[in-house]
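Please walk through this protein model, moving from single residues out to the whole chain. Keep the sequence and the 3D view side by side as you read.

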Amino acid sequence: MMMSSKTLLVAISLVCLLGTAQASAPTTFTVSGKVLLPDDTSFTVTQVMLDGGMYVGFLKADGSFTIDGVLPASYTLEVANPHYQFQQLRLDVHGALNNNMRAFVADFLGATPQPYAISADGIRLVPGPKLEYFEQPAPWDIKSLLLNPSLLMLLLPMALVYLMPSKERMEEMQQQLKEEGTSAPNIGNMDVADTLSSFMAKSKSK
């Protein structure tokens, strides 16, 4: 009889301990939805993450995902995909909400949050623009070619050499200056710009 009483007391104690443990266990929720990816994109490289990986959900063959054991709180929901960019969302998880969650478009600049629709089967995540890892080369343009600094540095000396008067032309200019009674400067020491401007002015006056 004493053993039966002890066994009963132990059983009652275990039941009380189990009840206390269950009462103190936090309530968790399930976040579910679907990622709408193009047909040519593999679902195996896509993950749905809460707060940068605190909770991670993997996609099934149809693009749906389920994240279990989520504690009630506010999270940042992100979709990690190497091909497409997804909009970040702020996800509130709580038992008092419809479907236990609500979402807003994440705005880190302090603007008014925009609600994000959640359907009966969960949150539907639509991809944005495709990610470009390399800068696309600019199309060929004659203007950009002519304004290329390397080409300008190459053409400018050639243009100056072409526009510079030849030795014969310089001697002819000196001869004309002598005939007009003006002392002819030495070719080695003369200022080409001044000589050209003087010569052009006299030619126009004629």
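N100 has a relative accessible area of 29%, so it counts as partly exposed. This is a predicted model. N100 sits in the loop that joins β7 and β8. Its phi is near 65°, a positive value in a residue other than glycine.

Why does that deserve a look? Most residues other than glycine have a negative phi.

N99 lies in the loop between β7 and β8 too. Its phi is near 60°, again positive in a residue other than glycine. The relative accessibility of N99 is 33%, so this residue is partly exposed.

**The two strands beside the loop**

Now look at the strands on either side. Strand β7 covers residues 89–93, and strand β8 covers residues 101–105. They pair in the antiparallel sense over 5 bridges. One bridge can be picked out by name: R90 has F104 in β8 as its partner.

What holds paired strands together in general? Strands of a sheet pair through backbone hydrogen bonds, either parallel or antiparallel.

**The open sheet**

Strands β7 and β8 belong to an open sheet of 6 strands. The order is β3-β2-β5-β7-β8-β9, and the pairing is antiparallel. Which strands stand at the edges? They are β3 (55–58) and β9 (114–116). Each has a single partner strand, so one side of each is left without a neighbour in the sheet. From one strand to the next, the twist averages 30°.

**Charged pairs**

How many salt bridges does a search of the whole structure find? It finds 3. Side chains of opposite charge can pair when their charged atoms come close. The table gives the closest approach for each pair.

| Salt bridge | Closest N and O atoms |
|---|---|
| R90 and D92 | 3.3 Å |
| D92 and R102 | 3.1 Å |
| D121 and R124 | 3.5 Å |

R90, D92 and R102 are linked in a network of salt bridges. D92 takes part in a salt bridge with R90 and in another with R102. The pair of D92 and R102 links distant parts of the chain. D92 is in strand β7 and R102 is in strand β8, 10 residues apart.

Is D92 buried or exposed? D92 is buried, because its relative accessible area is 9% and the cut-off for buried is under 20%. Its partners fall in another class. R90 is partly exposed, at 32%. R102 is partly exposed as well, at 41%. Outside this network, R124 has a relative accessible area of 35%, so it is also partly exposed.

**The nonpolar core**

Next, turn to the nonpolar residues. In soluble globular proteins, nonpolar side chains tend to be buried together. In this model, the largest nonpolar core has 24 residues. Which of them touch the most other members? They are V31, V35, V48, L50, F65 and L125.

Several strands give two or more residues to this core. They are β1 (29–35), β2 (47–50), β4 (64–70), β5 (73–80), β6 (84–86), β7, β8 and β10 (123–125).

Take V48 as an example. Leaving out residues up to four places away in sequence, V48 touches a list of residues that includes V35, F65, I67, L77, V79 and L125. Glycine and charged residues are on the list too, among them G57 and E78.

**A closer look at F29**

F29 is placed in strand β1. Its relative accessible area is 14%, so F29 is buried. What does F29 touch, beyond residues up to four places away in sequence? Its contacts include I67, D68, G69, V70, P72 and V93. N100, the loop residue from the start, is another one of them.

F29 also shows how a chain can bring separate positions together. F29 and V70 are 41 residues apart in sequence. In space, their C-alpha atoms are 5.0 Å apart.

**The whole chain**

Finally, step back. The protein chain has 5 helices and 11 strands. Of its 206 residues, 21% count as buried. The chain exposes about 14,900 Å², and carbon and sulfur atoms supply 62% of that area. Among contacts with a separation of 6 or more, residues 24 or more positions apart account for 49%.

Notes: Residues are numbered from 1 along each chain as its sequence is written. This is a predicted model: local features need pLDDT of at least 70, side-chain atom pairs count only at pLDDT 80 or more; totals for chains, interfaces and linings use all residues. Side-chain values use heavy atoms; hydrogens and water are left out. Helices (H or I, at least four residues) and strands (E, at least two) are DSSP runs, numbered from the N terminus. Buried means under 20% relative accessible area, exposed over 50%, partly exposed in between (1.4 Å probe, protein chains only). Contact means heavy atoms within 4.5 Å. Accessible areas come from the Shrake-Rupley method with a 1.4 Å probe; for residues, only the protein chains shown count as cover. Two strands pair if DSSP finds at least two bridges between them. Axes are lines fitted to C-alpha atoms, for helices over the stretch in contact, and angles run from 0 to 180 degrees between N-to-C directions. A nonpolar core is a set of buried Ala, Val, Leu, Ile, Met, Phe, Trp, Tyr and Cys residues joined through side-chain atoms within 4.5 Å. A salt bridge is a side-chain nitrogen of Lys or Arg within 4 Å of a carboxyl oxygen of Asp or Glu.
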